[in-house]
Every structure is written in structure tokens, then in C-alpha cells.
Amino acid sequence: MIMARERVQSAGVFTALSDLLSQVELSGPAPLLLDCGAGTGHYLHQLLDTHPDGRGIALDLSTAGLKRAARHPRILALAWDLWQPLPLHEDSVDLLIDVFAPRNVSEYARVLRPGGAAVVVTPRQGHLAELRDIGLLGMQGEKLDQLLAQMAPAFGVPESTQRVASTVSVDSDLVADLVFMGPAGHHRPHEELRDQAEVAGVSHITVDLDVSLWRG
């Protein structure tokens, strides 16, 4: 699954999201960036390239993903359960990102410094809709509404919510990777997913996301 995710990210499927994340304004020197549910550290790597004086912490349960995240010289990669208290001091984080990961809202509020930014990415109903007949799980309910209700007690209303929408050309191998990296895809052989993608004739996919930002 991690290798599939790495191939998908390297192929530029989520470039529009990366570009938007890199535009988040940070104040002060040497910002500390925290990626909760970092996986391979793809987004954190790109953010640190945007902020050459910054440092990053990647948290995830996947040691395979964290080995890739740790390739960046300014990242500390830690195997961590996000439901546990985060291993950081209060008011220590300048930018916290959460891309499709579980959200420990009270801990996010504790570690985010005043004026810092918390960015959470959630999928919209149309996200990767072309892949549902191939095995990608559908979504239950409106993710943005759930997020806003979850974040409100600690963070209030977001400063902004921006939609990221793009259409990306794909081949059968990339389609198989997109399904395989999901929560149910790894139960099926990669070759089977690729063959099904070829039969279905999927040549493009829809990226459709909400990117919500709060300030501490």
C-alpha cells in the first residue's frame, strides 16, 4: 500500500493539493511543521522545500511509510497513534496538516501555537468517483460537515475552506495503485485491479477535495 501511495504521489495526481498547501502563510523564523497521518511524508517534504528554514515532524503508524518520510534531512519521523497524546509541547507547532487522517482535535488545539495554522483535507462526494466500480469504497455522508462539527468546540469556524478540483489522466497501473492504496484495495491482487481498470476503460479520475484552515 505504501509503495502504491508513493507511485500515485510521484505521478502528480495530487499536485493541485500540494500547490495549495504550499501557499499557507507562516510567520516567524524556523517554523515547526507537523504532519498527522503523514504516510510517506510527501506533503511534508514539499512544505519543507517551500520553507527551507523549517523543521518537520511526521506521525504515522506505518513504519514503512515513515522510513520514506525520514529521507528528508529536516524531518523527525515517529511511529505514533494519533489517538494518544501527541509527543509535543503546548503551543509548539506553526503548521499542522491532516490529509485524510484521523483527527485528535483536542490535541491539535493543545500543540498549535497562537497564530499557527491547522489545515485539514477532506474528500468531497465526487472524489475518485470513477474508481468506485473497481473497488474503491464510497463515502458515508458529507465529510466537510462532519469535520466542521468536530473541530468547532476547540477551533471555532475555519478561517477559510477552499475547494481543490482537477481532472487527472491515468493509465490502468495508476488506477490499480489508487484503489490498492485505499482501505479495502489491499485485499485484492494488484494485477486483478489493473485488469479490471483496463476492462472498465478508466482514462481519467476526478480529484475533488475541501481544504479547511484554522488559526490557533
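How much space lies in the largest cavity? The answer is about 30 Å³, and the points below set this void beside the cores, a pocket and several individual residues.

1. Basis of the model. This is a predicted model, in which local features need pLDDT of at least 70 and side-chain atom pairs count only at pLDDT 80 or more, while totals for chains, interfaces and linings use all residues. Residues are numbered from 1 along each chain as its sequence is written, and side-chain values use heavy atoms, with hydrogens and water left out.

2. The cavity. The structure holds 1 cavity of 30 Å³ or more. A cavity here is a set of points, on a 1 Å grid over the protein atoms alone, where a 1.4 Å probe fits but cannot get out, and lining residues have an atom within 4 Å of a point. Grid points are joined across faces, edges and corners, and a volume is the space filled by probe spheres set on the points. The lining consists of Ser18, Leu21, Ser22, Tyr43, Gln46 and Leu47. Helices α2 and α3 (42-50) each supply at least two of these residues, and α3 gives the most, with 3; helices (H or I, at least four residues) and strands (E, at least two) are DSSP runs numbered from the N terminus. By class, the lining has 3 nonpolar, 3 polar and no charged residues, where Ala, Val, Leu, Ile, Met, Phe, Trp, Tyr, Cys and Pro count as nonpolar, Asp, Glu, Lys and Arg as charged, and the others, Gly among them, as polar.

3. The second largest pocket. A pocket is an open set of points with protein on both sides within 12 Å along at least five of seven lines. About 160 Å³ of space lies in the second largest one. Its lining includes Leu20, Leu21, Val24, Glu159, Val211 and Arg215. At least two lining residues come from each of α2 (15-21), β6 (160-169) and β7 (204-215), with β7 giving the most, 3 residues. The lining divides into 5 nonpolar, 3 polar and 3 charged residues.

4. Nonpolar cores. A nonpolar core is a set of buried Ala, Val, Leu, Ile, Met, Phe, Trp, Tyr and Cys residues joined through side-chain atoms within 4.5 Å; buried means under 20% relative accessible area, exposed over 50%, and partly exposed in between (1.4 Å probe, protein chains only). The largest core has 46 residues, and those with the most contacts inside it are Val13, Leu17, Leu131, Leu178 and Ile205. Helix α7 (residues 172-180) contributes the largest share of this core, 6 residues. A second, separate core of 22 residues includes Leu86, Leu88, Leu112 and Ala118.

5. Valine 13. Leaving aside residues up to four places away in sequence, Val13 touches Val8, Val168, Leu174, Leu178, Ile205 and Val207; contact means heavy atoms within 4.5 Å.

6. Aspartate 94. This residue lies in strand β4 and counts as buried because its relative accessibility is 10%. Its side chain reaches the backbone nitrogen of leucine 32 at 2.8 Å and makes a polar contact with the side chain of arginine 113 at 2.3 Å. A polar contact is a pair of N or O atoms within 3.5 Å; within protein, one must be able to donate a hydrogen and the other to accept it, and residues adjacent in sequence count only if both atoms are side-chain atoms. Beyond four places in sequence, the residues touched by aspartate 94 include Leu26, Ala30, Pro31, Leu112 and Gly116.

7. Histidine 72 and glutamate 90. Histidine 72 sits in the loop between α4 (63-69) and β3 (75-79) and is buried, at 10% relative accessibility. The histidine 72 side chain reaches the backbone nitrogen of arginine 74 at 3.1 Å. Glutamate 90, in the loop between β3 and β4 (93-99), is instead exposed, at 56% relative accessibility. Not counting residues up to four places away in sequence, glutamate 90 touches Arg110 and Val111.

8. Positive phi values. Most residues other than glycine have a negative phi. Alanine 30, in the loop between α2 and β1 (32-36), has a phi near 50° and is partly exposed, at 33% relative accessibility. Leucine 128 has a phi near 55°; this residue lies in the loop between β5 (112-123) and α6 (143-155) and is buried, with a relative accessible area of 7%.
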